[in-house]
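Work through the exercises below with the structure open. Each task is followed by its solution.

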Amino acid sequence: MTDATLTSAQTIEPGFPGDQRLRAVRSFLEQEPQRAFNPLALLLRTLRGRWLRAIFLTLLFAVLFGIAGFMAVKPVFQSQAMVRISARESTILYADADDARLKLFDAFVSGEVTYLASRPVLERALAELRGTPASSPSAFIPPEDIAGLSRMISVNRSKSLILVAGRSSQPAAAAAAVNAVIGSYLALHSEQEAGRQSYREKELVTRESELLARLEAINARMLEVGGEYGMDSLLKAHIAKIAQIEEMQQRSDELASTIVQLETVGQASDADTGDMEIKRATLLDRALADMTYDRAKRAAALETLRQRYRAGNPIVVRAERELAVLDKAIEQRREQIATLGRTGALTGTGDGDRKESVAELKSLLEKLRGRLAELRQEAKDLNGKLVGLRFLQEERTGVRVLLDETRRVLDRVRVESRNSLPGVVEVLSKGSVPDGAVEDKRPQIALLGAGFGGALAFGLIIFLAILRPVLRYSDDLESLTDKAPLVATLPQVKTLEDEAYGGSVDRLRNALQLLPPSRDPLPGRARVLGIAGLDEGCGASALSHALGASFAQSGLKTLLVDADLLQPDLTERLEAGERPGWRELLSGRAAAIEAMPLAEGLDLLPSGVEKSVSDTGVSLPRLRSALERIGADYDLLLLDLGPYRKRLAAGLAASQLDLTVVVSRPGEPLPQLRRMLGALDRVAPGSLAQVFNFARRGDPESGTWRS
């Protein structure tokens, strides 16, 4: 039909439904006025069908958040201690408000209140709390830092009384925090008392330290000089050493006199010779010399023991007995030598023996003189130690006198400095472990948590519904009816034989017949309808079969075409997979194709078996040719196009159809459905209609149809 013919037809029949301009004017005139925005209606519309889920999630979130709130907050326990500041002057309590002493005392109390909550006190208290052993009966978790301890402690003043309160979720922690703060405050207060010294006191303390250091140095030097002996021991040892020197000197003189006599006498008488021989033998006797030397050492040791121990001590008695035995042995040895001399055993010597005796005596004299020199050196060393110790003792006595005097003056200065403060700190009571909680907000917090959780669940459901809009009810398609009117809403049934479903399909058939065609019908050409869905599972194939049967029952010879080239559900359901059909028509090589009869007035053209024809290989000329070949023998062609999103040929076929019915179902995303309708409207404007399938119970338009 040419444009002139179309214009003529429109002029002759101005109310003809195919006139696009008149349809646009009618839709504009019949447009309903815009309703005012009602948020409550929008909320109820959003929650429609979600009430059970919303109630369940609301209760679940309310219970969970209520439990979390109850567990997140713990009861608060409080322990309290009292500190009193007593005035040094008792009359200050009766002073008037303008008295400077009262102002000074009031300022002192205020300063103590501030110092109780200061950082130094809290730092020491925190260190004390952290040192509490974890195995103690009242173990608790100490605060992490100063800020945590500061939040636990509160300090308030009531005149001269200071109240220190500790609040914690652990009863033992509250009492321990209060006591730690009080203990730290008292310790620092004592340290500050010691530090509040005058200039004179600091000088005295420095002087005391210096004198103590000098005294320690003198003591060290006295120990170094005297060693393990004291001054008295050194004195007696020196006296014993002098006695040894005198005895050794006497023996040396006697030995020297004997040597001179032996060298000068010549021919002496036998009696004289005998006395000389006895004396010589006594001097030369080695055993007697050893016993004499041993006796001298033991005598010196005995003197030392007498200085260390009292008289009658077993050690001293034993040493005295040993010395007496040694004296007796020396005396017996001398008598033995004298007896031998008187009997003549020692007098029968010649001139050669006399010379040998003189030589031996001289050798012994040299040894005695060497030992005498050693004894003198030892006596000299002892005398030097005595001199040094006397000097150090005198110096130590002088330093000790100065130290005692310094301490006496220092004590007097400290006593005077204690009276410089206007008040005295006194702890009346310390913190004790509380028996019960002073504050318990768990029920209130649990209630707030339950309310917040319920509101959160409710808001989350609404937010997700707005963020991801899905098709749930038929009236959700109102925003899409400008491109494709909603012609029917089909209920959700268990089987297609359900009477309600059949009646809904018949009403859909009438609605489709009453829709104005998008183009003028050509003589001898069947009307071509297409059924397409957004995705699998929307029931488009089953609806195509039921709708074709309804058209056939109305007297229209209908051909049902399975145009889904990827997944021909209709062909498989009707068991026509081995028969040629739509693929062969699209290939153009089939001479004649017989449709499969399904019922009176209803035939099926299956998908076909030609593998060379695919969904991506369909062209528009072959599609037109195929529709013309099968359209001459039927009143209505009904094409099952399959899921539009996954079928490339569906959009191409929609451009050649008189009407494309888009089938949607609950749960499909509205944005995708809107894009699908927009794409179909671009290829086939004005030839779209919508059907809402599987409507839930309670859908506002379930079982209705529109013209």
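**Exercise 1.** Count the aromatic pairs, then classify the one formed by F61 and F65.

*Solution.* A search of the whole structure gives three aromatic pairs. Rings of Phe, Tyr and Trp (its six-membered ring) pair if their centres lie within 6.5 Å; planes under 30 degrees apart are stacked, over 60 edge-to-face, the rest tilted. F61 and F65 are 6.0 Å apart, centre to centre, with 25° between the planes. This pair is stacked. The model is predicted: local features need pLDDT of at least 70, side-chain atom pairs need 80 or more, and totals for chains, interfaces and linings use all residues. Numbering starts from 1 along each chain as its sequence is written, and side-chain values use heavy atoms, without hydrogens or water.

**Exercise 2.** Place F61 and F65 in the fold, then follow F65 to F452.

*Solution.* Start with helix α4, residues 51-72 (helices are DSSP runs of H or I, at least four residues, numbered from the N terminus). F61 and F65 both lie there, four residues apart, about one turn of the helix. Next, F65 pairs edge-to-face with F452, at 5.5 Å centre to centre and 70° between the planes. F452 lies in helix α15 (residues 442-467), 387 residues from F65, so the pair links distant parts of the chain. Finally, F61, F65 and F452 make up one aromatic cluster.

**Exercise 3.** Which ring does the charged end of R696 sit over?

*Solution.* The ring belongs to Y473, its centre 5.9 Å away. The criterion: NZ of Lys or CZ of Arg within 6 Å of the ring centre and within 35 degrees of the ring normal.

Methods. Helices (H or I, at least four residues) and strands (E, at least two) are DSSP runs, numbered from the N terminus.
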